[in-house]
Amino acid sequence: EVQLQASGGGLVQAGGSLRLSCAASGFTFDDVIIGWFRQAPGKEREGVACINTSGGSRWYQDSVKGRFTISSDNAKNTVYLQMNSLRPEDTADYYCAADPGFLSAQAMGTMGLYYGIDHWGKGTEVTVSS
């Protein structure tokens with residue numbers, strides 16, 4: 001059974017850091033696109049960062065470039081999202097998602113919500129106070 005477990009959310013002050021983890025099981029981890037998406041109250045879900053676990057290519061939403069880093073530890077079947085210099089506008093529920101059908105991290109990040117993504121984990125809440 002495919003499972004994705006997101007963790008690491010919490011409450012931090014602006015300028016602080018968090019590291020989110022997405023632990024995956026039930027599928028071949030080393031040849032898949034895994035992404036982080038977020039949704040704030042009253043707003044549409046949006047892509048944050050995605051990674052190709054096979055080739056390591058990455059995609060980032062413009063607003064998080066230079067602040068967030070996505071990485072994959074294939075031996076642990078885990079993808080991380082290191083979030084630095086957090087801002088109040090980063091406050092949202094963060095979800096990890098996986099799909100072997102996208103051809104690139106960019107494709108999942110920019111078009112995944114339009115086409116649909118196969119597997120979603122439960123969200124982890126990130127709150128950034130000002």
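**Salt bridges and a surface patch**

Good morning, everyone; the structure I would like to walk through holds four salt bridges, and I should say at the outset that this is a predicted model. As general background, side chains of opposite charge can pair when their charged atoms come close.

Let me begin with Arg 38, which forms a salt bridge with Glu 46, where the closest N and O atoms are 2.8 Å apart. Are these two partners buried or exposed? Arg 38 has a relative accessible area of 5% and is therefore buried, since buried means under 20%, whereas Glu 46, with a relative accessible area of 27%, is partly exposed.

Arg 38 also has a salt bridge with Asp 90, and here the distance from N to O is 3.0 Å. This pair links distant parts of the chain, because Arg 38 sits in strand 4, which covers residues 33-39, while Asp 90 lies in the loop between strand 8 (78-83) and strand 9 (92-99), so that the two are 52 residues apart. Asp 90 itself is buried, with a relative accessibility of 1%.

Which arginine forms a salt bridge with Asp 90 at 2.8 Å? That is Arg 67, with the 2.8 Å taken between the closest N and O atoms. Once more the pair links distant parts of the chain, for Arg 67 is in the loop between strand 6 (58-60) and strand 7 (68-73), and Asp 90, in the loop between strand 8 and strand 9, is 23 residues apart from Arg 67. Arg 67 is buried too, and its relative accessible area is 7%.

If we put these pairs together, we arrive at a network of salt bridges in which Arg 38, Glu 46, Arg 67 and Asp 90 are linked.

Let me now turn to the surface. Which residues form a nonpolar patch there? They are Met 111, Tyr 114 and Tyr 115, and together they have about 410 Å² of accessible area. Of these, Met 111 is found in helix 1, which spans residues 105-115, and at 33% relative accessibility Met 111 counts as partly exposed. A residue needs over 30% relative accessible area to belong to a patch, so Met 111 passes that cut-off.

Definitions and conventions
Residues numbered from 1 in each chain as written. Predicted model: local features only at pLDDT ≥ 70, side-chain atom pairs only at ≥ 80, totals over all residues. Heavy atoms only, no water. Salt bridge = Lys/Arg side-chain N within 4 Å of Asp/Glu carboxyl O. Buried < 20%, exposed > 50% of the residue type's maximum accessible area, 1.4 Å probe, protein only. Helix = DSSP H or I, 4+ residues; strand = E, 2+ residues; numbered from the N terminus. Patch = residues over 30% accessible without salt bridge, like charges linked within 9 Å, V, L, I, M, F, W, Y side chains within 5 Å. Areas by Shrake-Rupley, 256 points an atom, 1.4 Å probe, with all protein chains shown as cover.
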